[in-house]
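Here are a few short exercises to work through with the structure open. Try each one yourself before you read the solution.

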Amino acid sequence: MAKFDPIEGRFVYLTIQGVKYRVYYEESGQGIPIICQHSAGSQGLEWRHMLTDPEIISKYHVIVADLPYHGRSLPPESVQWWKEEYKLTKSFFIDFQIELSRALGLVKPVYIGTAAGGFLALNLALEHPSEFRAVIGVEAAKHAGTATLDTFDHPYIGNDYKRANAMYFSAPANPEKYRRAITWVSMLAAPPVTKGDMNYYFIEHDLTEKTQQIDTSRCVVYLLTGEYDPTSTVEDTMELAKEVKGSKFTEMKGMSHAGMAENPVLFKKYLMPILNEIASK
Amino acid sequence: MAVHFIDPDKTSSIVDVLNSDPEFKIAARYMTKDVCIEVGKTKCIIKFRDGVITQIKSENAFADPWNFAIRGSLDAWEKFLQPIPPRFYDGIFGGMIRGNFVLEGDTVSAFSHFWAVTRMLDIFRELQNK
């Protein structure tokens, strides 16, 4: 008897900023909807453990999409995308979540995202608090530091760079099988996409002087950051949490930049109290 | 703590382990570069030729040329070489972001061969703790 995961995958057409996209998404479970957003230069595979966890999918409807240009969501057919440099913008990233939620008929879903997706959690709470019952920012910060983006898409630098880089954005004591899978998924992203996503992560995302406008009475904000993350550090998120009144921050010991993928068992220990609190309201 | 990979009595055996490591052999393919690793004031040149390390030179290397260099204090390398390193010392890239290590020289070459370099450093850690 063959064994199957409980995941169902399909495509949905979304019109975002006047352009139609064929977007791949996977879902499983039933209950409170949770939109899970992958990180920059990655795809929904990062959340595969969440989609198959029996306890989670018994109470929650987990939805994981590949952003356009990522995973199985190809660039749009109506645009000559090859004539311009790909860049993920904040407005597109926000609009994508809203359109996805509405197209799937979700009612006040929970949003959870990691890294770039974690940054977006704060943008959603700021600009669309009525759309989400709660947001969970994993590895979130007010802004990222500076970085040279060209290494992510350079004719002399191949995918070996991404795999070597991704390995050390997971914490050293976590299971090697998961750490190695992260390196593989990082290589699946087209090089221009990894660089282009960094446009949002390093350049467009900046909550300086905006954090106090986030109203956590309208949209609850939870923050989880891994001890080892060198880009969004625990201290960065603590500073963010201090400014977003009512937000709830937890440090994830022994974790780094992609907790749900680098150690799903440990990540769940940090996540479940949050999900249970959301479900109890 | 004595750093093994700059110990002249140990470098020959370290080279043998590196060149026989299955992952390193794939990661280092095509690599012909001279890599400088500085541990505090000690300079070490690692010579790659067609994907094979031909020498780790840690004595009298002060005048040897190199393509790119990774520099760190003795304290930084000691932390890096721990079995489970503390945060911001577990990887060179993250360590560079946090200012614990410095990359200089031909950085395009460094990043194009980053997998080989990081695997080599992981093997240094494994051997350090054997």
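**Exercise 1.** In which sense do strand β7 and β8 of chain A pair, and over how many bridges?

*Solution.* Keep in mind that this is a predicted model. Start at strand β7 of chain A, residues 220-226. Its pairing with β8(A) is parallel and runs over five bridges. For a spot to look at, pick A:T225: A:E251 in β8(A) stands opposite this residue.

**Exercise 2.** Work out the strand order of the open sheet in chain A, and find its edge strands.

*Solution.* Going across, you should get β1-β2-β4-β3-β5-β6-β7-β8, so eight strands by the DSSP runs. The pairing is mixed. Now look for strands that pair on one side only: these are β1 (8-16) and β8 (248-252) of chain A. Ignoring direction, neighbouring strands of this sheet are turned by 25° against each other on average.

**Exercise 3.** Which residues have the most contacts inside the largest nonpolar core?

*Solution.* That core holds 120 residues, and the ones to pick out are A:C36, A:V62, A:A121, A:V135, A:I136 and A:V221. Next, ask who contributes: helix α4 of chain A (residues 116-127) gives the most, with seven residues. Then zoom in on A:V135. Leaving out residues up to four places away in sequence, A:V135 touches A:Y111, A:A121, A:L124, A:A125, A:C219 and A:V221.

**Exercise 4.** What scores does the model get?

*Solution.* Read off the global values: ipTM is 0.95 and pTM is 0.97. Then check chain B, where pLDDT averages 97 and 100% of the residues score at least 70.

Key
Residues are numbered from 1 along each chain as its sequence is written. Chains are lettered from A and ligands numbered from 1 in the order in which they are written. This is a predicted model: local features need pLDDT of at least 70, side-chain atom pairs count only at pLDDT 80 or more; totals for chains, interfaces and linings use all residues. A nonpolar core is a set of buried Ala, Val, Leu, Ile, Met, Phe, Trp, Tyr and Cys residues joined through C-beta atoms within 7 Å. A residue is buried if 20 or more other C-beta atoms lie within 10 Å of its own, exposed if 12 or fewer, and partly exposed in between; C-beta atoms are placed from the backbone. Helices (H or I, at least four residues) and strands (E, at least two) are DSSP runs, numbered from the N terminus. Two residues are in contact if their C-beta atoms, placed from the backbone, lie within 7 Å. Two strands pair if DSSP finds at least two bridges between them. Axes are lines fitted to C-alpha atoms, for helices over the stretch in contact, and angles run from 0 to 180 degrees between N-to-C directions. pLDDT is the predictor's confidence in each residue, from 0 to 100.
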